Amino acid sequence: MAKHTLTFVLMDAPFESARTTTAFRLLHAALERGYDVNVFAYEGAVALSFAKQAQHPNAVHGRDVTQEDHPLSKNWIAALIAHARTRGADLNWVNCGLCVDERGVGEAIEGVRRGSPADCWKMAQQSTATLVIPTK
Amino acid sequence: MPGYLLIESRDPFESTGAARTCELAIQLRAAGHDVALFLVQNGVLAVRSGARRAELDKVIGTKIEVLADDFSLRERGIAPAGLIGGVRAAPIDSIVERMAAGWNTLWH
């Protein structure tokens, strides 16, 4: 059976929308099936993989950084990249370089690379299907 | 010919766009395409029994498959027994399956 490649195009910045959570659920579902997955992140989504995201405490609830254990999208991406390998799949995550420069989020985690809108087109061309999840 | 999977994420009571998605689904079906509607996030709020949803009722009436994300339903306290007829709870994998089958997938 031929292996499928699915492409997802994301726009939402981290911590802003349930769309990001749903997107990550879709990525996981695709990788679980052993599909190769492309992600083209542009606009605010280029910050999802920003290496300098940091947890913070929650003074209102009296929790320190460890206790609060605030989720970070960069860690989710790293976990998905690792998970892909266990499923014999590849998660190819590309950030739009134009959007990265605008937002000053040039430092991405390992396994994420800088690209351009041309990568989005190439990904779509090489995929069984592409889903764009637009922002509001 | 691949079908169309329309994903509706918006609360139908917040956005008129959800109604437009239903209209699109019906038009695509009338044009002879396989069509499925997948409700996710606040899009599932339309499927509680008792909710007013004229456009979604039309979609169900045309025998278009209507699926509701089981995770979104649980988040919003909507039990499977509380779904209207013609709607089925389904995992998010349903979207991945259709994509792998080459369906055109549109998100609203």
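Helices and strands here are DSSP runs, helices of at least four residues and strands of at least two, numbered from the N terminus. The model is predicted. The predictor assigns the complex an ipTM of 0.94 and a pTM of 0.95. For chain B the mean pLDDT is 93, with 100% of its residues at 70 or more.

Chain B is a convenient place to start. Its sheet is open and has 5 strands, arranged in the order β4-β3-β2-β1-β5 with parallel pairing. At the edges are β4 (87-90) and β5 of chain B, each of which pairs on one side only. From one strand to the next, the twist averages 25°. Strands of a sheet pair through backbone hydrogen bonds, either parallel or antiparallel. In chain B, strand β3 (residues 65-69) is joined to β4(B) by 4 bridges, and the two run parallel. B:D69 has B:A90 of β4(B) as its bridge partner. Helix α1 (residues 17-30) of chain B lies across two strands, β1 (4-8) and β2 (35-39) of chain B, and runs at about 170° to β1(B).

The two chains touch through 13 residues of chain B and 17 residues of chain A. On the chain B side, α4 (93-100) and β5 (104-107) each supply at least two residues. The largest share of that side, 5 residues, comes from α4(B). Sorted by class, the side of chain B that touches chain A has 8 nonpolar, 4 polar and 1 charged residues.

Next comes the nonpolar interior. In soluble globular proteins, nonpolar side chains tend to be buried together. The largest nonpolar core has 71 residues, and A:F8, A:V37 and A:A41 have the most contacts inside it. Helix α1 (residues 18-32) of chain A gives the most to this core, with 6 residues. Beyond its neighbours within four places in sequence, A:V37 is in contact with residues including A:L6, A:F8, A:L27 and A:A30. A:L31, A:A89 and A:L91 are also among the contacts of A:V37.

Two loop residues have unusual backbone angles. Most residues other than glycine have a negative phi. A:E43, although not a glycine, has a positive phi of about 50°. A:E43 lies in the loop between β2 (36-41) and α2 (65-68) of chain A. In chain B, the phi of B:Q41 is near 55°, again a positive value in a residue other than glycine. B:Q41 is found in the loop between β2 and α2 (54-61) of chain B.

Are these two residues buried or exposed? A:E43 counts as partly exposed because 17 other C-beta atoms lie within 10 Å. B:Q41 counts as buried because it has 21 other C-beta atoms within 10 Å.

Key
Residues are numbered from 1 along each chain as its sequence is written. Chains are lettered from A and ligands numbered from 1 in the order in which they are written. This is a predicted model: local features need pLDDT of at least 70, side-chain atom pairs count only at pLDDT 80 or more; totals for chains, interfaces and linings use all residues. Two residues are in contact if their C-beta atoms, placed from the backbone, lie within 7 Å. Ala, Val, Leu, Ile, Met, Phe, Trp, Tyr, Cys and Pro count as nonpolar, Asp, Glu, Lys and Arg as charged, and the others, Gly among them, as polar. Two strands pair if DSSP finds at least two bridges between them. Axes are lines fitted to C-alpha atoms, for helices over the stretch in contact, and angles run from 0 to 180 degrees between N-to-C directions. pLDDT is the predictor's confidence in each residue, from 0 to 100. A nonpolar core is a set of buried Ala, Val, Leu, Ile, Met, Phe, Trp, Tyr and Cys residues joined through C-beta atoms within 7 Å. A residue is buried if 20 or more other C-beta atoms lie within 10 Å of its own, exposed if 12 or fewer, and partly exposed in between; C-beta atoms are placed from the backbone.
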